[in-house]
Each structure stands twice: as C-alpha cells, then as structure tokens.
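Grab your viewer and a coffee. Here are some short exercises to work through, each with a solution in steps.

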Amino acid sequence: MTDLPAMPDLAYVLPLRWEEDRGLEELTAYLRWLSRHVRVTVVDGSPDRLFDRHARRWRGLVTHLRPDPGIEAANGKVAGVVTGVRAATAEHVVIADDDVRYDAAGLAAVRALLEEADLVRPQNYFHPLPWHALWDTARTLLNRSLGADYPGTLGIRRSVFIAMGGYDGNVLFENLELIRTVRAHGGRELRPLDLYVRRLPPDPARFWSQRVRQAYDDLAQPARLALFLTVLPCLAAGLLRGRQRAVLSCAGLVVCLAEAGRRRAGGRTVFPSTAVPFAPVWVLERGICSWVALTARLTRGGVPYAGRRIKVAAHSLHRLRRRRHNGGSGSPDAWNPATLWDPSQNGLADDRPQRHSATVTRPGSTARPS
C-alpha cells in the first residue's frame, strides 16, 4: 500500500464479529499498515476464544475493545460503532466494515472532506471480482446512475455523533439510519462519487445469505420498494401477452442505466464493463426478494439477524426529526442523558457534548482494552 504521513487527527473504527478466523492474516496486515498512520480501534464482538486470539495478534497495533454491554442494540454492528466512536480520541472518524480496505489517498480524502462536512459517504468497489461480486456491482452501478450507493464505510465528525446521541441500533439498515440521523440533526453530508474505496467480496455462501436481507432494507425506502414489487407482475404480464420485445426493451434500459452509473465520476477505472450485463439479473433478483422481504415483515415481524429478528429497516427522516424535536436522540441508549456523559476539557464536570477530542466512555463501562 502507498505510504502516507501520520494523521493524529483521524481515527479509524472497525466493528467486528467473527465466528472463524479465515481472514485473520490478511486483516492483521491491513491493521499493521493502518496503525502506522491513524489511530485504530477494533470493537470486537467475537466469541471469547477468537477475541483472545485477536488480542494477542493485535497488541501494540490497535485499541482492542469489547462492545459496551450497556448499549442495547439488536444490530450488533451499531453497538460496535457507538463504542468505538466514543472511545476515539480524534475529531475525524472513519467507520469501516471488516472487508473495507482504504489506501492512502482514500484516508486523506475523507479527512479533508470532514473539514467541510459532518458525514462523508465514499464509494465502494469490489476487488477481486468473482462472478457474484460482478452481480452485486450491478446494484452499485444502478444506484450510481440515479443517485449514490450505500457503502460499507462512512466518515463522521465525532463531536456531531456524540451531540446527536449516536443512532438507533434496533434497525437492519444501520448505515442509512446513521446517515438520516445526521441529516435530522442538521448535519451536512457529502457524497463524493469519485472517492473510491476497495472492498473485499464476500464468499458465495454469504452472498446468497444476504439477498433477502438486503431487499428488506428497501422497506426504509417505500418508493424504491414499490418499484421493485412491480418487477415480477410486469414481467409475467409481458410474457403472458407475448410482449417479449417490450421485456427486452426494459432489460436494455436497465443495462443502459448501469453503464451510465459506470461512467459517472470516472467509474470506469474501478468498475469493469463485465458487470453491466448483470444489471437485469440483479433487478429480477431484487424483484423476487422484495416480495419475500415484504412477506417476512407482514407475517413474521421482520427478518432474522445474528440470532434475533429485526422489524425496522431504518426510520424515516421525518420520524428522526420529530424524535429530535421531542427531546430524544439517535440511539435507545442515548435517550438517558446520563449514559452520554462526556468529560469536560478539565475532567471535573459533566458538560454537554461539544466539539473536542476527549475520550467518551460510559461511567462504569466494562469495555476493556486488550
């Protein structure tokens, strides 16, 4: 990886929960590179055996913590993010999944953009590109053609995160919930379509397991959900009435949209043309999975996630703004002001959250560094 100067004003938070350690060597090499230049906190919800192994491997490289047990969140990633951002000692924070791989330019770009924004949403791309990553890249291209994609990493100002009380952890689409919570609190978001950050593809088994869950995310975007729910009825009507040409025309339009997304903001440098033909396949997949997701919501009260069932995909911006005006905040844990104790700059009094880089912890927290 390209080298870069140390950036003490940038923190990197990695929420993690592994059931096995197949990627440990590769991730350790990445953390070793990161730790020379930014302050890295890994919030590790893995079983004890793996947590202890990680503690030994990463000692001296990162701050290694358990998620704060006082944070109630059906989505464990949110507990990891809240724990990590509170523990951060820099104002500018990168939050990234364990499969995200920044380079020097990406870190520097996020840091610079956080000087003028409260939240930065980069653009992920997969590398390497097995067949299922090409399939999922088609989703990215379509999102880019009409707006912006949702990555596995965000940049945020720590003072804004603390002031808004974190965000709700009882949702499935946690990145959208965080983005909307920042907006609801008047924060400014930047979506640089040309800020490309590499992401490792999942294995095929994980790819398949995510199909319905990702479709469930669309319940937080009703217009998008309604559009995908029409795919199967329209396809069936077209085929039954012998309108194959109309069906092919719709598929061609989807391909054109994907190509437009690939060409936006220099995307051809990271998105191969071989991903474009997968776009109609992805739309068909989402059309099927949207019905499965809606059925799960209506008949089962949500979808299973990490041993629990989550009902809400993400809250609407209107509801989050109303919650803010009613005196609430982003996360259930944060509704109790005592749990957001933020040390004052002299360390002697409990002050309201402000823009500084003092470490935030919950009083009596059992989170411990390794």
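**Exercise 1.** Which strands does helix 2 lie across, and at about what angle does helix 2 run to strand 3?

*Solution.* One thing up front: this is a predicted model.
- Step 1: look for the strands under the helix. Helix 2 lies across strand 1, strand 2 and strand 3.
- Step 2: take the axes. Helix 2 runs at about 170° to strand 3.
- Step 3: follow the chain. From strand 2 the path goes through helix 2 (residues 48–58) to strand 3, a right-handed β-α-β crossover.

**Exercise 2.** Work out how strand 2 is held by its neighbours, and whether strand 2 is largely enclosed or not.

*Solution.*
- Step 1: start with strand 1 (residues 10–16), which pairs with strand 2 in the parallel sense over 6 bridges. Opposite Tyr 12 you'll find Val 40 of strand 2.
- Step 2: trace the link. The chain gets from strand 1 to strand 2 by way of helix 1 (residues 24–35), and this β-α-β crossover is right-handed.
- Step 3: now try strand 3 (residues 63–65), which runs parallel to strand 2 and is joined to it by 3 bridges. Here Val 42 has His 64 as its bridge partner.
- Step 4: check burial, with under 20% relative accessible area as the cut-off. In strand 2 (residues 39–44), 5 of the 6 residues are buried, so strand 2 is largely enclosed by the rest of the structure.

**Exercise 3.** Write down the strand order of the open sheet of 7 strands, then find its edge strands.

*Solution.*
- Step 1: the order reads 3-2-1-4-8-6-9, and the pairing is mixed.
- Step 2: strand 3 and strand 9 (189–190) are the edges, since each pairs on one side only.
- Step 3: look at the strand 9 end. Strand 6 (residues 119–120) and strand 9 run parallel, with 2 bridges between them. Val 120 sits opposite Leu 190 in strand 9.

**Exercise 4.** Why is there no disulfide between Cys 234 and Cys 250?

*Solution.*
- Step 1: recall that a disulfide is a covalent bond between the sulfur atoms of two cysteines.
- Step 2: set the cut-off, which is within 2.5 Å for the sulfur pair.
- Step 3: compare. The closest cysteine sulfur to that of Cys 234 is in Cys 250, 7.7 Å away, which is too far for a bond.
- Step 4: conclude that the structure holds 0 disulfides. As an extra, Cys 234 is exposed, at 51% relative accessible area.

**Exercise 5.** What share of the protein's 370 residues counts as buried?

*Solution.* The share is 52%. For the outside, the accessible surface comes to about 16800 Å², with 56% belonging to carbon and sulfur atoms.

How values were computed
Residues are numbered from 1 along each chain as its sequence is written. This is a predicted model: local features need pLDDT of at least 70, side-chain atom pairs count only at pLDDT 80 or more; totals for chains, interfaces and linings use all residues. Side-chain values use heavy atoms; hydrogens and water are left out. Buried means under 20% relative accessible area, exposed over 50%, partly exposed in between (1.4 Å probe, protein chains only). Accessible areas come from the Shrake-Rupley method with a 1.4 Å probe; for residues, only the protein chains shown count as cover. Helices (H or I, at least four residues) and strands (E, at least two) are DSSP runs, numbered from the N terminus. Two strands pair if DSSP finds at least two bridges between them. A crossover is right-handed if, with the strands pointing away from the viewer, the path from the first strand over the helix to the second runs clockwise. Contact means heavy atoms within 4.5 Å. Axes are lines fitted to C-alpha atoms, for helices over the stretch in contact, and angles run from 0 to 180 degrees between N-to-C directions.
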